[in-house]
Structure formats: structure tokens, C-alpha cells
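Please look through the structure below with the sequence beside it. The paragraphs that follow start inside one chain and then turn to the places where chains meet.

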Amino acid sequence: MRPISFLSDFGLTDEFVGVVHGVVARIEPELRVIDVTHGIERGNVRAGALALLRAIQYLPEGVALVVVDPGVGTSRRPIAAETAWGHFVGPDNGVLAPAVAMMGGASAIVALEDERFRVPSLGGATFDGRDVFAPAAAVLAAGQAAITDLGPVLEDDSLTPLLLPLVEPEGEGIRGEVWWLDQYGNCQTNVSPEDLEALGVSPGDQVTVQIGGTEYDVPWQVAYGDVEPGEALLHVDSYGLMAVAVREGSAAERLNLTAGHPVTLRKLA
Amino acid sequence: MRPISFLSDFGLTDEFVGVVHGVVARIEPELRVIDVTHGIERGNVRAGALALLRAIQYLPEGVALVVVDPGVGTSRRPIAAETAWGHFVGPDNGVLAPAVAMMGGASAIVALEDERFRVPSLGGATFDGRDVFAPAAAVLAAGQAAITDLGPVLEDDSLTPLLLPLVEPEGEGIRGEVWWLDQYGNCQTNVSPEDLEALGVSPGDQVTVQIGGTEYDVPWQVAYGDVEPGEALLHVDSYGLMAVAVREGSAAERLNLTAGHPVTLRKLA
Amino acid sequence: MRPISFLSDFGLTDEFVGVVHGVVARIEPELRVIDVTHGIERGNVRAGALALLRAIQYLPEGVALVVVDPGVGTSRRPIAAETAWGHFVGPDNGVLAPAVAMMGGASAIVALEDERFRVPSLGGATFDGRDVFAPAAAVLAAGQAAITDLGPVLEDDSLTPLLLPLVEPEGEGIRGEVWWLDQYGNCQTNVSPEDLEALGVSPGDQVTVQIGGTEYDVPWQVAYGDVEPGEALLHVDSYGLMAVAVREGSAAERLNLTAGHPVTLRKLA
């Protein structure tokens with residue numbers, strides 16, 4: 001019996017999350033389900049994939065049930081993938097790919113087609129989270145089925161990838177983008193401290209952050225406490241990436257940023 | 001030991017939901033509580049009743065704890081009802097009635113009056129979710145009490161009903177109403193596919209959806225994938241009812257709909 | 001094995017709450033975690049402390065994990081405190097103090113400094129909820145460590161207090177303030193019914209509620225049902241304190257109140 005970690009864009013207004021918990025409990029009442037988050041923006045596959053990627057190393061090995069699925073009712077495949085961490089269950093639209101890759105790749109991928117492990121439809125559209133993904137996750141977590149029982153095996157390398165941008169040199173700086181704006185307005189980029197250090201920038205230096213046509217000079221500091229309340233800083237965040245933050249404030253508002261925004265960092269001239 | 005499924009209009013901003021979980025855990029630490037949803041609009045008994053009705057068949061048999069209770073502090077009775085599914089605990093204001101009826105009706109109904117199974121008041125108004133309903137649900141789920149221990153038995157047929165509209169013929173069409181707008185703006189009606197088929201309408205046909213003085217022509221399709229992103233469709237939803245949706249969009253916004261809105265469907269002339 | 005009750009200002013949009021659950025489950029999969037609320041206003045230590053104070057007597061004895069921490073990254077200490085109720089884990093910024101005091105004070109307080117009970121950093125800022133507080137709560141709840149294993153013992157009286165206002169006589173009335181506005185707009189004050197009774201005011205009387213330069217006359221009633229829908233009442237709320245409410249409405253909107261607002265109550269002349 002292994003735990004299920006459940007991440008979706010279902011929100012908490014309707015009963016979708018609760019019904020998925022119910023389907024799991026009807027299959028095996030002793031299963032634990034951790035709600036990673038259900039606050040992913042509706043249908044935002046990249047945001048879901050990045051949240052899973054940030055979380056996965058902190059989640060107990062078992063089953064990841066991931067439903068961010070703008071293509072429900074189209075031909076994208078519902079799948080399960082087996083990795084060293086455990087099983088990933090969700091749509092094959094890229095949402096699983098980065099976390100599966102971080103866990104060393106999939107040793108088996110199946111399409112969730114076996115009707116024995118689906119909740120029978122009420123005669124209309126499928127609610128795949130409830131009818132396909134939840135029962136697959138539950139039987140895998142409970143050890144009631146092997147992954148190969150759930151449907152035909154696909155080629156190991158066939159997981160649909162998610163294209164994630166790489167950082168690139170730009171003049172005397174490095175160009176990346178905003179990966180993630182958290183609800184507090186902290187802006188995580190895809191730039192690592194090593195990227196900056198390769199440019200001769202060190203903690204304590206002033207850094208020019210260029211966003212569109214605007215430039216901001218912010219200090220690279222270790223902790224929020226190193227600047228005054230209301231001031232901006234560049235720091236290595238708790239995931240090891242360069243992030244722009246405002247102490248007791250919102251960097252997203254201050255710098256007018258959105259996720260996916262290009263950003264260039266260079267040492268203040 | 002059976003699980004509790006908990007549905008309310010408490011929201012998640014305050015600690016109301018957590019305190020109910022705490023009361024349950026103090027009575028029996030091993031009890032499982034599934035949060036069905038706490039996002040029901042405040043005091044909207046009909047919305048709570050319909051969410052419970054949609055969810056109940058997916059929830060594990062046990063105890064349903066349902067607190068949508070605009071009449072707290074008035075004379076409405078707190079009750080528990082025994083059914084083939086398990087026990088329903090909540091106010092007798094109609095919120096329980098449709099789900100109890102779907103489960104074949106109640107074999108016993110009691111008023112929750114026995115002080116032994118209430119959390120002692122702090123001297124003011126009762127927070128019935130915490131002080132009356134949660135302990136009743138917990139002792140029933142844990143098997144610490146029989147339903148008849150909780151208070152006087154009421155007549156079996158005495159559950160306050162919830163009046164739900166029926167569909168009616170209107171000209172060459174059928175008149176129903178919007179049951180439910182989910183958070184994505186999908187509009188579930190109370191019209192079944194059989195109702196439409198009785199009018200000679202079939203999947204693939206164009207259907208005229210009349211709302212107030214406005215008419216929309218939308219295709220009856222099986223899946224979102226059958227229309228382009230941004231286009232509307234009529235389909236049988238995952239609960240087996242006719243629903244208007246917009247692929248990757250909001251039908252509620254597009255058609256300017258609210259829950260309870262009358263809607264007439266007929267074959268496009 | 002004791003349950004953890006988890007209260008924070010993390011919100012539910014990002015995966016912060018889920019990651020904390022994951023860290024706990026990786027340490028001991030059988031631990032139960034009750035989410036008290038994660039809806040505390042960001043960094044509002046007083047709101048977090050009052051929510052914990054209201055909830056604590058309803059939570060099962062065990063470990064309270066409390067993360068409202070505007071000073072993360074500054075010199076405030078991460079601590080654990082041992083009380084008759086169990087352990088409190090969080091920042092030493094006042095958020096724990098009122099609940100610890102209600103439970104009779106701390107018999108031991110330690111600074112969470114032992115690296116064995118921290119999640120190793122990814123090389124940047126600490127996410128203390130995930131890396132420091134969650135593992136400390138988990139090992140205490142699981143009985144894997146004694147509180148004195150977690151770091152150096154501090155003086156028993158060294159918990160940073162939270163200054164909470166007292167009520168004061170003002171003319172023929174009593175001056176207090178708004179403790180808490182719940183999400184429905186109910187306004188709990190720090191005035192007790194005994195305070196009012198000492199002024200000769202009794203249930204059933206009309207009371208003048210003075211807020212800034214404005215006065216409202218509202219009846220002291222026992223229950224919402226004693227006034228008509230839309231009418232205001234003063235009542236002893238379910239925590240035993242005087243509160244202003246509007247039946248099926250929002251007293252916060254009606255009286256234009258915010259948390260911390262001074263309010264004077266006196267018998268209607």
C-alpha cells in the first residue's frame with residue numbers, strides 16, 4: 001500500500017477533488033491521498049508540470065495522480081508510467097514528462113484502456129479524472145494490479161515531452177525566463193546561480209534585471225532579511241534557482257511580470 | 001469504522017473545516033474524513049443538495065456530513081437519517097433529501113438532541129457543524145452509537161423535501177433549467193438525452209438553445225474534441241445530463257447564464 | 001503516533017501545503033495531518049495566533065504546526081514548545097504564544113537547530129515550513145525524537161509574546177476591538193458577556209455599538225433566528241464572545257468594519 005499524491009487544476013469550488021478521493025476510497029479505504037495542489041491554472045499544462053517537478057522530490061514514493069488536461073475528450077492518451085520513484089498517472093500531454101525525466105525516465109508506459117479499471121460511465125462524456133485516472137492510481141497504489149494490467153504497453157520513449165526553455169548568453173548577460181510566479185508574487189527564473197557566477201557575478205553584487213525595455217538594479221542577497229521591507233532582491237530560492245522577490249511585497253507587481261516572461265540578468269556596469 | 005464524507009459551505013478561509021476535522025479526531029483518531037467540497041455558495045441549500053446528489057454514488061459507504069445551514073439558530077431540526085448507503089447527518093432543510101431519496105429513502109430519522117453526543121457549548125450561540133453535526137457523524141462512523149441513541153426517532157417520511165423542477169414540453173421543444181454551473185462555466189441542465197431524443201433530436205443535430213429572448217444554435221456533439229477551441233457544444237455530460245459547454249472556454253459567460261435559469265431546447269428548424 | 005494540526009498562511013494556490021504533507025509522509029507514512037486552515041492573511045501573525053487560539057481546544061492532542069512567518073530569512077528563531085496539550089512548532093514571533101498560554105504555558109522550549117532533523121537545502125534560501133518546521137513536527141508526532149533532541153533548550157519564559165488588547169471602561173460603556181472578521185462578515189469582539197453584564201446590559205436589551213464617529217443600535221439576542229433576515233444583532237458567539245452579526249448578511253459590510261477596529265458597547269440610553 002503506497003500513498004497517492006494528487007495534483008490537478010480542479011480548483012476547490014466544485015466537488016471534483018472530493019469525488020476523486022471518493023473513487024479511491026471505494027477501491028481501497030486505507031489508501032492515503034496527499035493533495036499536492038488543485039490550484040493550477042485551468043488547462044495550464046506547463047504550470048502543472050513545473051509544480052510537479054518542484055514537488056516530486058518531497059513527495060513519498062508511490063503514485064502521482066496528475067490531472068491538468070485541456071485535451072479531455074480529444075485523442076491525447078491517458079497513461080501510466082513506471083519509474084524508480086513509483087508510478088505517474090495522467091494525460092500524455094507533457095504534464096508528466098519533466099518529473100518522469102527527473103526520476104530517471106520511465107521503464108514502462110501503458111495506455112489506460114482496460115475497462116476493468118475504469119469507473120463505468122453514466123452514459124455521457126467521460127470525466128477522466130474520476131473515471132480513468134483515479135481508479136488506475138488507486139489499483140496501482142493498493143497493489144491490486146500491475147501497470148501492464150491497465151492497458152497496452154507503449155514504447156518507453158513515447159512520453160509526450162514538454163518543451164522547456166534553456167538559458168542563453170545575451171551580450172554580457174544571460175537570458176532566461178520566468179518559470180513560476182507564486183501566489184506571493186515571487187518570481188522564479190530558470191537561471192541558476194552557476195549561470196550567474198560564470199558571468200563573474202557573486203552574492204553581494206548588484207545585478208541588472210532587464211525585462212522588455214525596462215531595467216531594474218537589484219542586489220543579489222542571501223535572505224529576505226538582508227534588505228529592508230518593501231525592497232527587491234535577487235536570491236537563490238529554496239529550489240536552488242535565481243528568483244526576484246520583494247521583502248513583504250510582490251515582485252510580480254513591482255516588476256510587472258507574468259509567467260513565461262523573458263528576463264535578462266547581468267552584472268551592474 | 002466507516003469513512004465520513006464532509007460537504008459544507010464553510011469555505012477554506014477560516015478554520016471552520018479544520019475544527020470539524022479536529023472534533024472528529026478527538027472522538028476517534030482513526031476515522032477518515034473525505035472533504036467533498038466546502039465551496040458551496042453560502043447558505044445555498046439547493047446547490048449543496050445537488051452537489052451531494054452528483055457525488056454520492058462515488059463516495060464510500062459510511063457517513064455523509066452535510067452542513068449548508070442558513071437556518072442555524074432557527075427552529076429547523078438537526079437530524080441523522082439511516083439509508084442503504086449509510087448515514088446522512090445535517091440540517092433538515094432539504095439539503096439531504098435528494099441524496100437520501102436516490103439511496104432508496106430513510107429507514108430511520110432522528111433529531112440530534114441527546115446532549116451526550118454534543119460538544120458542550122462555550123456559552124453562546126451554537127456552531128452546529130462543530131458542536132452537533134460533527135460529533136454525531138463521528139460516533140456513527142466509529143460505531144460508538146446507534147442512530148437511535150442520538151435523539152428521538154421522527155416519522156420516516158418526515159424529511160423536509162427539496163423542490164426540484166421537472167422538465168416540461170414547450171412548443172416543439174422542452175423546457176428545463178440550469179441545474180449547475182461549474183467553476184469552468186459548464187452549464188448542466190436537468191434535461192436528459194432521452195428527453196431530447198423523444199423530440200426527434202439525435203447526436204450530430206443542431207439544437208436551438210433558447211434562454212430568455214435569445215436563441216443560440218449549437219451542435220449536439222459527443223466530446224469537446226468534436227468542436228474547435230472556443231466553440232460551444234451541447235453534450236451529454238459525465239453525469240448523463242444535457243449540458244452546454246464551450247471548448248476551452250466558459251458557456252456561462254458566453255450565454256450569460258446563472259444557476260436556476262430556464263432554458264428551452266429544440267431541434268434547429 | 002499523534003496527529004499533526006497544520007495552520008499556515010500558505011494559501012492553496014501553490015503546492016506549499018502539499019509539499020509539507022509530503023515531507024511529513026516521507027518521515028512517517030502513518031502520520032495524520034489535519035489542515036486547520038491555510039487561509040490566514042499572508043504574514044498576519046495576529047490573525048494566525050487568534051485562529052490557533054480559537055481552534056486549539058477542538059484539536060486532538062498532539063503537534064500543532066503553525067507557519068505564519070513574515071520574518072522568514074531574518075533572525076527570528078524557529079522553535080518547538082512542549083505543553084500539557086502537546087507540542088507547538090513554528091516561528092517564535094508571537095503566533096504560538098496565546099495558544100501555548102491557554103494550554104498552561106511551555107514546560108520546555110527549544111530552538112530548531114539540529115541539522116539531523118532538517119530537510120537538506122537545495123542550496124538557496126530556506127523554505128522553513130518545508131525544511132525546518134515540517135520535519136520537526138513529524139519526528140515529534142511520530143515519537144522519533146524528544147523535543148530536546150531538536151536543538152538547544154531556551155529559557156522557559158522566553159516565548160515571544162503577542163500583545164493582545166484588553167477591554168477598558170469608556171464613559172458608560174466598554175471599549176474593545178474587533179478580534180476577527182470571519183469570511184461571512186461576522187465581527188467577533190474581545191468583549192465578553194460578563195463585561196456587558198457588569199454595565200447592567202442583559203440579553204434582550206438594545207445596545208449602542210459605536211465605531212469611529214458612527215453609532216448603531218442593535219439588540220442583544222440569543223440566536224440569528226431572533227431577528228429578521230437582513231437585520232443586525234449582537235450575540236454571544238460560539239466562542240463565548242460578543243459579536244455583531246447580520247442574519248443572512250455581512251456585519252463587516254454593514255458596519256464598515258475591519259479586524260483591529262476599536263468598538264465601544266453601551267446600553268442604549
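**From strand pairs to chain contacts**

In this model, which is a predicted one, Ala80(C) has Val110(C) of β6(C) standing opposite. That pair belongs to a wider pattern, since strand β4 (residues 78–82) of chain C and strand β6 (residues 108–111) of chain C run antiparallel and are joined by four bridges. Both strands sit in an open sheet of chain C, where seven strands follow one another in the order β2-β1-β3-β5-β4-β6-β7 and the pairing is mixed. At the edges of this sheet stand β2 (33–37) and β7 (153–154) of chain C, and because each has a single partner strand, one side of each is left without a neighbour in the sheet.

Further along the sequence, and now in chain A, another set of strands can be followed. Strand β11 (residues 206–211) of chain A pairs with strand β12 (residues 214–219) of chain A in the antiparallel sense over six bridges, and within this pairing Thr208(A) has Asp217(A) of β12(A) as its bridge partner. The hairpin that β11(A) and β12(A) make has two residues between the strands, and Gly212(A) there takes a positive phi near 55°. β11(A) also pairs with strand β15 (residues 262–267) of chain A, again in the antiparallel sense, over four bridges, and here Val209(A) has Leu265(A) of β15(A) as its bridge partner.

How are chain B and chain C related in space? Chain B is superposed on chain C by a rotation of 120° with 0.0 Å of shift along its axis, at an RMSD of 0.0 Å, and the two copies are thus related as by a three-fold rotation axis. In chain B, the C-alpha nearest that axis belongs to Leu12(B) and lies 5.2 Å from it. The copies meet through different surfaces, because only 6% of the interface residues of chain B are also interface residues in chain C.

Where chain A meets chain B, 33 residues of chain A are in contact with 33 residues of chain B. The area buried between chain A and chain B is about 2,700 Å², and carbon and sulfur atoms give 53% of it. On the side of chain A, the residues that lose the most area to chain B are Glu15(A), Arg42(A) and Leu122(A), which together account for 24% of what that side buries. Two salt bridges are found across this interface, and the side chain of Glu15(A) meets that of Arg54(B) in a salt bridge, at 2.7 Å from N to O. On the side of chain A that touches chain B, α1 (16–27) and α4 (128–142) of chain A each supply at least two residues, and α1(A) gives the largest share, eight residues. The residues of that side divide into 14 nonpolar, 10 polar and nine charged.

The contact between chain B and chain C takes 33 residues from each of the two chains. Chain B and chain C bury about 2,600 Å² between them, with 52% of it on carbon and sulfur atoms, and Glu15(B), Arg42(B) and Leu122(B) supply 24% of the area that chain B buries against chain C, more than any other three residues. Glu15(B) forms a salt bridge with Arg54(C), in which the closest N and O atoms are 2.7 Å apart. Across the interface of chain B and chain C, 20 residue pairs are in polar contact, both residues being at pLDDT 80 or more.

Notes:
Residues are numbered from 1 along each chain as its sequence is written. Chains are lettered from A and ligands numbered from 1 in the order in which they are written. This is a predicted model: local features need pLDDT of at least 70, side-chain atom pairs count only at pLDDT 80 or more; totals for chains, interfaces and linings use all residues. Side-chain values use heavy atoms; hydrogens and water are left out. Copies are superposed by least squares on the C-alpha atoms of residues with pLDDT of at least 70 in both. Contact means heavy atoms within 4.5 Å. Buried area is the accessible area (1.4 Å probe) that two parts lose on being put together, summed over both. A salt bridge is a side-chain nitrogen of Lys or Arg within 4 Å of a carboxyl oxygen of Asp or Glu. Ala, Val, Leu, Ile, Met, Phe, Trp, Tyr, Cys and Pro count as nonpolar, Asp, Glu, Lys and Arg as charged, and the others, Gly among them, as polar. Two strands pair if DSSP finds at least two bridges between them. A polar contact is a pair of N or O atoms within 3.5 Å; within protein, one must be able to donate a hydrogen and the other to accept it, and residues adjacent in sequence count only if both atoms are side-chain atoms.
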